[in-house]
Amino acid sequence: MIFLRRQMPLLITLLAGLVFAAQYYVPHPASEQLLTSVTKWLQIIGGFALILGVSSLFHVHAVKIRRKEAGWGYSFVLYASMLGTIAIGLWANGKEAVDGTITAFGWIYSYMMVPLQGTMFAILAFFIASAAYRSFRARSREAAVLLVAAVIVMMGRVPLGEYILPLSGDVSQWILNVLNASVRRAILIGVSLGTVALSFKIIFGVERSYLGGGKE
Amino acid sequence: MTFAERMLKIDRRIIFLVIGLCTLLPLLNPVGLPIKISPEVRGVYDYIESLPEGSVFLVSLDFDPASKPELQPQSVALLRHAFRKNLRVVAMTLWVTGTGLADQIITQVAREMGKESGKDYVFLGWSPGGTAVIINMGQDLYSAFPADYNGKPTKGLSVLQGITNLRDVNYAISLAAGNPGVEAWYVFGKDKYKFELGGGCTGVMAPGLYPLLRSGQINGLIGGLRGAAEYESLIGQKGKAVAGMDAQSATHLAIIVLVIICNVFYLSLRKAARQQGQSRA
Amino acid sequence: MPSDGGGSLTVIWPPAPYDSKEVRYQILLSDKNGASDPSTFKVVAEFPANTHYIRESKWPWWTRPDAPETHQVTIKNGKGVELKDGKTYHVALAVVSGDVRTFTTVVQAASEPNWINWNQINNLFLALLFGGIVFYAISVAKKREIFLRRIPGLDAVDEAIGRSTELGKPILYLTGAHDMSDPSTIAAAVILGRVAKRAAAYETDLLVPHRDPITMAVCQEITKQAYLEAGKPDLFKEDANFFITTDQFSYTAAVDGIMLRKKPAANFFMGAYFAESLLLTETGASTGAIQIAGTDSDHQLPFFVTTCDYTLIGEELYAASAYLSREPIQVGTLRGQDIGKALILGVLTVGTLLATAGAVLDAQWPQLFLDVFKDVK
């Protein structure tokens, strides 16, 4: 059992990791064919992952309803809306519109999902303003530099700002293209080295936390 | 509590109200200030302008309804440009929650420009796997998408004639709100299959993509609503993005004014505290 | 062509004294067996004689087929040309000057796919070098203690936990949007162990809502272990770690609701985040909680920095988890990454100087060093 839960996944990871790391350096059509086959498998597994996600959600909320935990009514709403959307989606064959006429599934998408998602994202605009008011204070020299740069970029990125202060457009472009790009590159290099190091550790079985479970 | 202290601790809802008004009023009474075109947006426009008629233009609408306000105007402007240039448009999405929205956008613009599905454009829809889809398309487009979004087999569509895989694409653009997005299209697409790539993204993501732009990994970048407005100005068809720029201008100005006011009160309080400290000593 | 998957032929020929823009070269191709008359061949490329040199192509020095001043053209599949691997083709060159057309001798060639892309051997070498450095550093870390400077954010972690205990309010800990294959989620899980241990010692409630079921399972084990090490196994609650949903904004709405109802005194945002970051932190700030963030999502850093009391930026998150766990693997990896970064800094400095020298002196020798760090496909 230990072999199946621990040794075998590590062996598969090692072999797959080495093969596909080598694949990058092999231009032969056989190597490209191997990559195509595996990506098709990945797509199939990706489809299964969707099912896994939905079933785990069902399970969590079923437990909540059974135990009548605080907020179990909302779990009921989740069940009803999920099952209802699935049923309507299957009935409409997954299409939001047929010959220009909106289906019931399309109605749910356009009049429930789109506004709800849009609302959540729109809250950001208000939160940015309140966060800026609370935090953009010249508490120190560095904070003052941050404040000035933020004001210049905010002005330079809108037509009104460029109209009031024509130089703000060019200065904000310079800040974005030079200062911002160089710092982002530095962070990107650091994070990429971290990702490469982690990949090596996962392939060679040094890092095993992704398998779950406790320490051995 | 002094006036300055009260102003610094002002109820957030007053700030929300100010922002709400700054967004709503310009939308009702647009001003229409001129928009300066940035080199990164021009990069995308000029490349599409240089493509001969019949070139294959792949547009991946990698966003969901949450990012609709910024990325839909970009999509509409790009599609209008591509259809005007009579390019063969291949549209798709890597985000399952954006499929319906992507279909609405392409159908609407195609109808407006008098283009026919299967002949002038195709919407391939969504396929599971994220970056695996890109790799699969790079080998064989028809195995990644055996049928288009409407169920028509992709092999045999006149718009896809002569196209086997991503190597046959003349220009690809990913309009992305996150991951998978522009970076995934570069790493798993352009880097392997050597097509030219441009990017579009939300305003928040744009600074993070400048390293790719500066190194030439993408040849242009349309960032946020401002980028969409610039593109609309370039194609000479002003739409939602240009209309939204007035609201964005007012909101930015409001935030700047609020920040200046808060710093005035903060510095005055700090000065008063310092003076009080000195007089005690 | 060497180092490719087949389907192409590369034609190379030396420069000539008459090379100029008035003279044109034509590349001629025939797939007929025994073809010997180049005038019957198909013209597959035509260009001015003072163009198409090896120096214009991206050959690194170890795969360059000839001197940089030599002419080179690659015939590829597509645009009216079909090259089948293994089939013999006849290739010739024509020099066109005014009305005069002169042909070279016909050569035979067949395209073949290659098993190794020698252009990328530098990439492989550098990847293996970095991997070697990381494993070496891990082996050193297993034998002796490696110094790690204290991360200032960790003091803030202790302070936040203390504050929660004083106020008698719970601690909220988020592990981010990615799954356990992401370095930031692994780092977040390690820091959770430390936070859980302190929470157990001070008998403070801990709430850990998750976006990924596997991460939840791993964090549950980590929390259980932490309570055990703190000597308070009976205080451990199974449902301290709970799964909400994988959807971005649904998760955010749920966590915002928890913040507003339960009013935790300390919020920890560790791991990878996207657009939901400001929605979470601003709601947390409105409840008056002390907030500490740690993320490698550089596009969300501005939001965390403005709304949180302390932010661990990028690798500080990995360093914090290594510092806390003191596991040789984590510490060694960090040291390996630091060495890698030092190497990159060195290469950038030396490379800039050499590239400048090459441009000023019009010399080619700096390319010997610069090509090693170039990415060529």
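This is a short tour of a predicted model, chain by chain.

**Stop 1: chain B, whole**

Select chain B. Its 281 residues are 52% buried. Colour by secondary structure, and eleven helices and six strands appear. Turn the chain along its principal axes: the C-alpha atoms fill a box of roughly 85 × 40 × 30 Å. Now think about contacts between residues at least 6 apart in sequence. In chain B, 73% of these join residues at least 24 apart.

**Stop 2: the two domains of chain B**

Select 39-238 of chain B; this is domain 2. Then select 3-30 together with 245-274, the two segments that make up domain 1. Give each domain of chain B its own colour. How far apart are the centres of domain 1 and domain 2 of chain B? Taken over C-alpha atoms, the separation is 38 Å.

**Stop 3: where chain B meets chain C**

Show chains B and C together. Six residues from chain B and six residues from chain C make the contact. On the chain C side, three of the residues are nonpolar, two are polar and one is charged.

**Stop 4: the domains of chain C**

Hide chain B and keep chain C. Three domains divide this chain. Domain 1 covers 8-116. Domain 2 combines 119-142 with 332-373. Domain 3 runs over 147-326. Between domains 1 and 2 of chain C, the C-alpha centres lie 36 Å apart.

**Stop 5: strand β5 of chain C and its partners**

Select residues 88-97 of chain C, which form strand β5. Add strand β2, residues 24-30 of chain C: seven bridges pair β2 with β5 in the antiparallel sense. Look for Tyr25(C), which stands opposite Val95(C) in β5(C).

Next, add residues 100-103 of chain C, strand β6. Four bridges join β6 to β5(C), and the two run antiparallel. Stay on Val95(C): its bridge partner in β6(C) is Thr102(C). So which residues does Val95(C) face in this part of the tour? Tyr25(C) stands opposite on one strand, and Thr102(C) is the partner in β6(C).

Zoom in on the turn. β5(C) and β6(C) form a hairpin with two residues between them. Gly98(C) sits in that turn, with a positive phi of about 65°.

Finally, add residues 107-110 of chain C, strand β7. This strand is joined to β5(C) by four bridges, again antiparallel. Thr88(C) stands opposite Ala110(C) in β7(C).

While the strands are on screen, show side chains. In a regular strand they alternate between the two faces of the sheet.

**Stop 6: the parallel sheet of chain C**

Move to another sheet of chain C. Six strands form an open sheet here, in the order β10-β9-β8-β11-β12-β13, with parallel pairing. Which strands stand at the edges? They are β10 (241-243) and β13 (310-313) of chain C. Each has a single partner strand, so one side of each is left without a neighbour in the sheet. Look along the sheet: from one strand to the next, the twist averages 15°.

Now select β8 (171-174) and β9 (206-210) of chain C, a parallel pair joined by two bridges. Leu172(C) stands opposite Leu207(C) in β9(C).

**Stop 7: Val148 in chain A**

Switch to chain A and select residues 141-156, helix α5, where Val148(A) lies. Is Val148(A) buried or exposed? Val148(A) is exposed, because 11 other C-beta atoms lie within 10 Å, and 12 or fewer counts as exposed. Then pick Val171(A). Val148(A) and Val171(A) are 23 residues apart in sequence and 12 Å apart in space, C-alpha to C-alpha.

Note on methods
Residues numbered from 1 in each chain as written. Chains lettered and ligands numbered in written order. Predicted model: local features only at pLDDT ≥ 70, side-chain atom pairs only at ≥ 80, totals over all residues. Buried ≥ 20, exposed ≤ 12 C-beta atoms within 10 Å, placed from the backbone. Contact = placed C-beta atoms within 7 Å. Nonpolar A, V, L, I, M, F, W, Y, C, P; charged D, E, K, R; others polar. Domains from an automatic or database assignment. Pairing = 2+ DSSP bridges. Axes fitted to C-alpha atoms, helices over the stretch in contact; angles between N-to-C directions.
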